[in-house]
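Biologist: I would like to learn how to read the features of a model like this one, residue by residue and then element by element. Could we begin with the surface?

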Amino acid sequence: MPLTKLQFRPGINREITSYSNEGGWYDCDKVRFRFGFPEKIGGWLRLSSTTFLGTCRALHPWVALGGERYLGVGTHLKYYINEGGGYNDITPIRATTAAGDVTFAAAANTLAADIDAIQTTITLTSSTGFPDTGTIKIGSEIIIYASVVGNDLTGCTRGTYGTTAASHLATAAVTCATLIVSDTAHGALDNDFVTFSGAVSLGDQITADVLNQEYQITYIKDVNTYYVMARTVATIAAITVGGQLDPTPVFATTSDSGNGGASVVGAYQLNTGLDTTIVGTGWGAGPWSRGAWGSAYSLATAGQTLRIWSHDNFGEDLLFNVRDEGIYYWDKTSDTSSRGVALNSLSGANYTPTIAKQIMVSDTDRHVIAFGCDSQTNPGVQDPLLIRFSDQESLTEWEATATTTAGDLRLGSGSEIVSAVETRQQILVFTDTSLYAMQYLGPPFTFGVQMVSENVSTAGPLCAIAVDDQVFWMGASEFYMFNGAVTRIPCSVRDYVFDNMNTGQMDKITAALNSENSEIWWFYPSSSSSENDRYVVFNYLEQAWYYGTMARTCWIDRGIEAYPVAAGTDGYLYNHEIGFDDGSNSPATAITAYVRSSPMDLGDGQQFTFVRRLLPDVSFRNSTAVNPELDITTRVRNASGGTYLRTVTSTIEDSTEQVHLRLRGRQFSIYVESADEGVTWRLGSLRYDLQPDGMR
């Protein structure tokens, strides 16, 4: 009997049963389809050895007139400009106090009075559950202790404790790393950052140098008081390790009795945001300790929603916006040592919006556009359906007059603007129920909008992306494309994706373009995760779908950068499609990539067939491993839904001509996998030697 060549349909199909998908692929990870055949995706390497603080959900690359290459990085804690691998913090200052408004107290002298007001419970798994000294963090709660004396911890700075831990914790602290900061109506939230200056020494350990530096607030006691952890002198960048702060505490003693003097100034950065979506409002909603005890949660409150940034360039300068908060400007001539400033603080600012959901600079006509912003006549009050645009070529002139091209438009469908995406011809504006096309018309109207679709959903602010004049996006339960009209994209993995998604965190879903491989990626959180840990891909050239596991919160295509750049959940940026291994480890480790077929009938009716040989067709071109290889597993069974009776795994190398199998059954399937470093592969048309039962 002649050799049987297997040619599978490209992409994964999970919309029908595995048996009904005969001749197709049914499962995969870290595999793409190109020219109809599966191959392992490219690897990734860290962009630099340094990390940023927080979860990144916004990346924006640009090149200055002098050739400097910048990358804007927006996290839920900071906004950075990455230059040459280093992260420069340009987070704007929210407020600066007058001299003397801030005072300090060492918690070693006052902790006993404060400790009862703080609710924290620690449960030990054993009587020796604590190391000799260290820091315990539970959510946003931080407990620091100086030492273990007998069965007691000394120097505890936080908490009242459960009965399990009671015998291990001292009721009074003899040393303490917590500083109690007093500032009337400080307006800060847990995890905010503040820089102190002008302070003098408190006494023995808490010197002026220890006080006069940037701190992250660990706990808000009330509207006038908060806590920070005293640490050795270091910049925030120097103690950022693996995306988190790793400070060395300085423990106060009873001799640290000063208050910092009458010249202390506190410079507060923008309120930090959340790295999770909060569903609902009112009492009991929102993250623990985010705001005063008993206060109602409001989505409109600064710092209380998932932190999402939008950003764009005005020339070589940067405009950036916190979703549902302020608009800020960074001047390149001030270099990366300077922070961004509020747009309405610039000289000549006239009716500048102070709050918006998204900002954009129109490429064709150089208008700054604010979506979901406050109006000219009612500043400070957000209208979630209002679009305003500045005078042409102006950052600061927003007054609509007969002599300017500034103006506004208000959308009529939906309750809020969710997102806006610019194409070559127009700007698509998504509301929660409709899609509008916004186009430049010229004088006297400047811009116009037209509804192009009603009753269309969008998964969140980050789920849409443009490819030339097409826009692809994920909806609440479908995938869509706009190329002059809105169409649903037939998806062969739709149920697989949406049935295993954390729908409460859909705002985190981010769309990504990998133009080199004609792919749109969506990173999303699975049902068992609160953060993006999976991806689904639509190959718009092959019209094929596939998916896998990967933790990425943001992605930009190659262009200014030589490779696509993505943000991990570990505080690192990664170059993708470089090498063949997982560069999140040092040294890099292997990527496990696999693809699994649906079962195929070997014969008709009750006929059994022998599977005698496999003739592989695999390319390992460009692999860096000395002897690249992969495994092809062939399995046989007698009935659909039955167990596989026999399995043979064959290791395939570049020189493998054939593999003898000796399998017998009515159905068989194949599983291709690689898990070695330095290996990339592409599968071709496999050939099997099949013989009806009884023939040799």
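Biologist: Is Phe 35 buried or exposed?

Modeller: The usual terms are buried for under 20% relative accessible area, exposed for over 50% and partly exposed in between, with a 1.4 Å probe and protein chains only. Phe 35 has a relative accessible area of 58%, so Phe 35 counts as exposed. This is a predicted model, in which local features need pLDDT of at least 70 and side-chain atom pairs count only at pLDDT 80 or more, whereas totals for chains, interfaces and linings use all residues. Residues are numbered from 1 along each chain as its sequence is written, and side-chain values use heavy atoms, with hydrogens and water left out.

Biologist: Where is the place of Phe 35, and what is its phi?

Modeller: Strands, labelled E, are DSSP runs of at least two residues and helices (H or I) are runs of at least four, numbered from the N terminus. Phe 35 sits in the loop between strand E3 (31-34) and strand E4 (37-40), and its phi is positive, about 55 degrees, although Phe 35 is not a glycine. Ala 185, in the loop between strand E16 (178-182) and E17, likewise has a positive phi, of about 50 degrees, without being a glycine, and with a relative accessible area of 60% Ala 185 is exposed.

Biologist: Which residues does a cis peptide bond join?

Modeller: One cis bond joins Pro 443 and Pro 444, with omega about 0 degrees, and Pro 444 lies in the loop between strand E33 (434-442) and strand E34 (446-454). Another joins Ser 586 and Pro 587, again with omega about 0 degrees, and Pro 587 is in the loop between strand E46 (581-583) and strand E47 (589-590).

Biologist: How should I read a sheet, and which strands stand at the edges of the open sheet of seven strands?

Modeller: Strands of a sheet pair through backbone hydrogen bonds, either parallel or antiparallel. Two strands are taken as a pair if DSSP finds at least two bridges between them. The open sheet of seven strands runs in the order E10-E22-E17-E18-E19-E16-E11, with antiparallel pairing. Strand E10 (93-96) and strand E11 (103-106) stand at its edges with a single partner strand each, so one side of each has no neighbour in the sheet. Within this order, E17 (residues 193-197) and E22 (residues 265-269) pair in the antiparallel sense over four bridges, and Phe 196 has Gly 266 in E22 as its bridge partner.

Biologist: What can be said of the two faces of a strand, taking E27 as the case?

Modeller: In a regular strand the side chains alternate between the two faces of the sheet. In E27, Gln 358 and Met 360 on one side and Ile 359 and Val 361 on the other are all buried, and both faces are thus covered. E27 pairs antiparallel with strand E28 (residues 368-371) over four bridges, where Gln 358 has Phe 371 as its bridge partner. The hairpin of E27 and E28 has six residues between the strands, and there Arg 366 takes a positive phi near 60 degrees.

Biologist: Which residues touch the most other members of the largest nonpolar core?

Modeller: In soluble globular proteins, nonpolar side chains tend to be buried together. A nonpolar core here is a set of buried Ala, Val, Leu, Ile, Met, Phe, Trp, Tyr and Cys residues joined through side-chain atoms within 4.5 Å. The largest has 83 residues, of which Trp 473, Met 474, Trp 522, Val 536, Ile 632, Trp 681 and Tyr 688 touch the most other members. Strand E40 (residues 519-524) gives the most to this core, with five residues. Apart from it lies another core of 23 residues, including Val 102 and Tyr 215.

Biologist: How many residues line the largest pocket, and which lie nearest its centre?

Modeller: Rolling a probe the size of a water molecule over the atoms shows where empty space is left. On a 1 Å grid over the protein atoms alone, a cavity is a set of points where a 1.4 Å probe fits but cannot get out, while a pocket is an open set with protein on both sides within 12 Å along at least five of seven lines, and lining residues have an atom within 4 Å of a point. The largest pocket is lined by 41 residues, with Leu 59, His 60, His 311, Ile 465 and Ile 556 nearest its centre.
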